[in-house]
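The following exercises are meant to be worked through with the sequence and the model side by side. Each task is followed by a solution that goes step by step.

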Amino acid sequence: MVKAVVGANWGDEGKGKITDMLAQKADIIVRFQGGANAGHTIVNNYGKFALHTLPSGVFYDHTTSIIGNGVALNIPVLFQEIKSITDRNVPTPKVLVSDRAQIVMPYHILFDQYEEERMGGKSFGSTRSGIAPFYSDKYAKIGFQVSELFDEDLLKEKVARVAEMKNVLLRHLYGRPDIDPEDLLVTLRSYREMVEPYVCDVSFFLDEAIKAGKTILLEGQLGTLKDTDHGIYPMVTSSSTLAAYGAIGAGIPPYEIKEIITVCKAYSSAVGAGAFVSEIFGEEADELRRRGGDGGEYGATTGRPRRMGWFDCVASKYGCRLQGTTDVAFTVLDVLGYLDEIPVCTGYEIDGKITTQFPVTAKLEKAKPVFQTLPGWKCEIRGIKNYEELPENCRKYIEFIEEQIGYPITMVSNGPGRDDIILRESHLKK
């Protein structure tokens, strides 16, 4: 069976924790899109980790971790990450890399930095990891596939051709030094040596695994609202963050994805620029940020303080719908235990009219939140394992949000550890 774990909102929902938890009963975990520009924070028996490329099931010795063809693969970052976990006594993971994955080149990172500097105050808030230039080259058909590392003649010709193109931009748009094709060739040969033992026809491997009845998890990066097509364009990432893309980014038929676990936070947070209707500011935001996550709400990759807001039913309903949600995992609920009352955004006011449908960006920029306030539960809920043992107001909060978004909340996370999870039956579950 194939299951996908994806995000409903802006990212940072807790997908890593849910994937790590589900991986206990999985055989294979696949990262199917995105690059090292965002991270998944994991807390388990080995400690606390921030993963950027490796799938979040990498901590189990019975799993195989796969870098799918849809990933923006920064080869040195991948191997630094493997070393960073094995240095902390995590067993060496079984890793496979798709021969069709494409490589984040050193100049992608430079172009990302140069363009953000050129844009100045109109920049997209990039993490400067090279992701947008990478995907631009991929779809312009001048990217480098992992398989091409093993064809020396092709590599020489392509390096010279691509360097010639890039140097025009470097000279005339950015005023920066040229790329040296010979230096680039040396770099790519070093990449070949690093990745060669791990390269695999992933699509065929997964086809055989599906036929053998293996359990496969597809792990997405970021969330629906950062999807290139369906997110808050143009303040989005450069790949599709939807479960539907999991089939493409892993190389499997779409009908094989049987369950889609969409992760929602019990409040909202976002890193980077873009519309965020339920956003809060000042001391109210600072306190939620300090208490949030598993040690404060700061980007796992950038360390930037996350923008904070109350739960947004409009955005989350939209996010779940686009993902094709079968189950909602509701995370960091324990964080809200300090509040007397908890606001929930149940609608948007746009040009004097109330809507519960998530609009396009131009209208989103004008939206004002419509809040409904629920009573808090004012106590610690970590350690509770059974849903009925949660405080009444806590259960009412979960059930109110479930009714608002219209998708079954079947997992409730009440702490950062992989065992801090409550499974529940939802009346919405078909």
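**Exercise 1. In which strand does Thr262 lie, and is Thr262 buried or exposed?**

The model is predicted, so that local features need pLDDT of at least 70 and side-chain atom pairs count only at pLDDT 80 or more, while totals for chains, interfaces and linings use all residues. Residues are numbered from 1 along each chain as its sequence is written, and side-chain values use heavy atoms, with hydrogens and water left out.

Step 1. Thr262 belongs to strand S11, residues 257-265 (strands are DSSP runs of E of at least two residues, helices runs of H or I of at least four, both numbered from the N terminus).

Step 2. Thr262 has a relative accessible area of 0% and is therefore buried (buried means under 20%, exposed over 50%, partly exposed in between, with a 1.4 Å probe and protein chains only).

Step 3. Leaving aside residues up to four places away in sequence, Thr262 touches Val6, Gly7, Ala8, Cys320, Gln323, Thr325, Asp327, Val328 and Ala329 (contact means heavy atoms within 4.5 Å).

**Exercise 2. Trace the open sheet and explain what happens at its edges.**

Step 1. The order of the ten strands is S9-S7-S5-S2-S10-S1-S11-S16-S20-S21, with mixed pairing (two strands pair if DSSP finds at least two bridges between them).

Step 2. Strand S9 (199-200) and strand S21 (421-423) each have a single partner strand, so one side of each lacks a neighbour in the sheet.

Step 3. Within the sheet, strand S2 (residues 28-31) pairs with strand S10 (residues 216-223) in the parallel sense over four bridges, and Val30 has Leu218 as its bridge partner in S10.

**Exercise 3. Describe the largest cavity by its volume, lining and residue classes.**

Step 1. The largest cavity holds about 50 Å³ of space (on a 1 Å grid over the protein atoms alone, a cavity is a set of points where a 1.4 Å probe fits but cannot get out, and lining residues have an atom within 4 Å of a point; grid points are joined across faces, edges and corners, and the volume is the space filled by probe spheres set on the points).

Step 2. Among the residues that line the largest cavity are Asn9, Trp10, Lys265, Tyr267 and Ser316, and strand S12 (268-270) and strand S15 (311-312) are the elements that give two or more residues to this lining.

Step 3. By class, three lining residues of the largest cavity are nonpolar, five polar and three charged (Ala, Val, Leu, Ile, Met, Phe, Trp, Tyr, Cys and Pro count as nonpolar, Asp, Glu, Lys and Arg as charged, and the others, Gly among them, as polar).

Methods:
1 Å grid on protein atoms, 1.4 Å probe; cavity = no way out; pocket = protein on both sides within 12 Å on 5 of 7 lines; lining within 4 Å.
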